[in-house]
Amino acid sequence: MDEFKQETEQASNAEFECQEEHTITRSNASDYMAPPLPNRIVDSNHRRERAIQELVDGETTYNTYLDLLIKHYVQPLADFKLISQEHHSTLFPQLQVIKNLSD
């Protein structure tokens with residue numbers, strides 16, 4: 001934590017002077033690049049990206065399973081009237097609404 005505080009203080013105390021106009025080209029672009037981020041920021045961003053990806057993957061899997069459930073159970077049970085409408089709506093209450101919301 002002290003290292004971060006020192007870096008912050010140094011950055012806030014730094015004086016920047018520009019005495020002439022500079023043109024950034026491919027050959028001198030590295031002179032103008034920002035310094036690399038501290039490891040804890042990179043790690044934090046990496047963890048955040050992994051968490052987001054895990055949420056997206058989980059939702060995709062959930063959606064796939066809902067599709068399979070509807071295709072192989074909900075629809076055939078309704079189409080072939082293998083169970084009463086009352087039992088069907090008890091077993092699968094508003095499943096199609098849930099599926100539509102998750103798309």
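**A helical chain and its salt-bridge network**

Of the 103 residues in the protein chain, 10% count as buried. The model is a predicted one, and its secondary structure consists of four helices and zero strands. Read from the N terminus, the elements follow the order α-α-α-α. Contacts between residues at least 6 apart in sequence give a view of how the chain folds back on itself: 53% of them join residues at least 24 apart.

A good place to begin is the packing of two of these helices. Helix H2 spans residues 39–79 and helix H4 spans residues 95–102. The two pack at an angle of about 150°, and their axes lie 10 Å apart. Because angles over 145 degrees count as roughly antiparallel, H2 is described as roughly antiparallel to H4. The crossing in which H2 passes H4 is left-handed.

Which residues bring H2 and H4 together? From H2 come Tyr62, Asn63, Leu66, Asp67, Leu69, Ile70 and Val74. On the H4 side, they meet Leu95, Gln96, Ile98, Lys99 and Ser102. Sorted by class, this contact of H2 with H4 comprises seven nonpolar, three polar and two charged residues.

The charged residues lead on to the salt bridges. Side chains of opposite charge can pair when their charged atoms come close. A search across the whole structure finds two salt bridges. In one of them, the side chains of Asp67 and Lys99 meet, with an N to O distance of 2.9 Å. This pair links distant parts of the chain, as Asp67 belongs to helix H2 and Lys99 to helix H4, 32 residues apart. A salt bridge also joins the side chains of Lys99 and Asp103, at 2.5 Å from N to O. Through shared partners, the salt bridges connect Asp67, Lys99 and Asp103 into one network.

How buried or exposed are the members of this network? Lys99 has a relative accessible area of 6%, so it counts as buried. Asp67, at 39% relative accessibility, is partly exposed. Asp103 reaches 60% relative accessibility and therefore counts as exposed. The network thus joins a buried lysine to a partly exposed aspartate and an exposed one.

Lys99 deserves a further look. This residue is found in helix H4. With neighbours within four places in sequence left aside, Lys99 is in contact with Asn63, Leu66, Asp67 and Ile70. These four residues also appear among the H2 residues that meet H4. One of them, Asp67, is the salt-bridge partner already described.

Attention can now turn to the backbone in the loops. Most residues other than glycine have a negative phi, and most peptide bonds are trans. Where do residues with a positive phi sit in this model? Lys81, which is not a glycine, has a positive phi of about 50°. Its place is in the loop between H2 and helix H3, the latter covering residues 85–91. Lys81 counts as exposed because its relative accessibility is 67%. Gln94, another residue other than glycine, has a positive phi near 55°. Gln94 is placed in the loop between H3 and H4. At 59% relative accessibility, Gln94 is likewise exposed.

Finally, Leu91 offers a point of reference in helix H3. With a relative accessibility of 54%, Leu91 counts as exposed, since the cut-off for that class is over 50%. Leu91 and Val74 are 17 residues apart in sequence, and their C-alpha atoms are 8.9 Å apart in space. Val74 is also one of the H2 residues that meet H4.

Key: Residues are numbered from 1 along each chain as its sequence is written. This is a predicted model: local features need pLDDT of at least 70, side-chain atom pairs count only at pLDDT 80 or more; totals for chains, interfaces and linings use all residues. Side-chain values use heavy atoms; hydrogens and water are left out. Axes are lines fitted to C-alpha atoms, for helices over the stretch in contact, and angles run from 0 to 180 degrees between N-to-C directions. Angles under 35 degrees count as roughly parallel, over 145 as roughly antiparallel, 65 to 115 as roughly perpendicular and the rest as oblique. A crossing is left-handed if the near helix is turned anticlockwise from the far one by less than a right angle, and right-handed if clockwise. Contact means heavy atoms within 4.5 Å. Ala, Val, Leu, Ile, Met, Phe, Trp, Tyr, Cys and Pro count as nonpolar, Asp, Glu, Lys and Arg as charged, and the others, Gly among them, as polar. A salt bridge is a side-chain nitrogen of Lys or Arg within 4 Å of a carboxyl oxygen of Asp or Glu. Buried means under 20% relative accessible area, exposed over 50%, partly exposed in between (1.4 Å probe, protein chains only).
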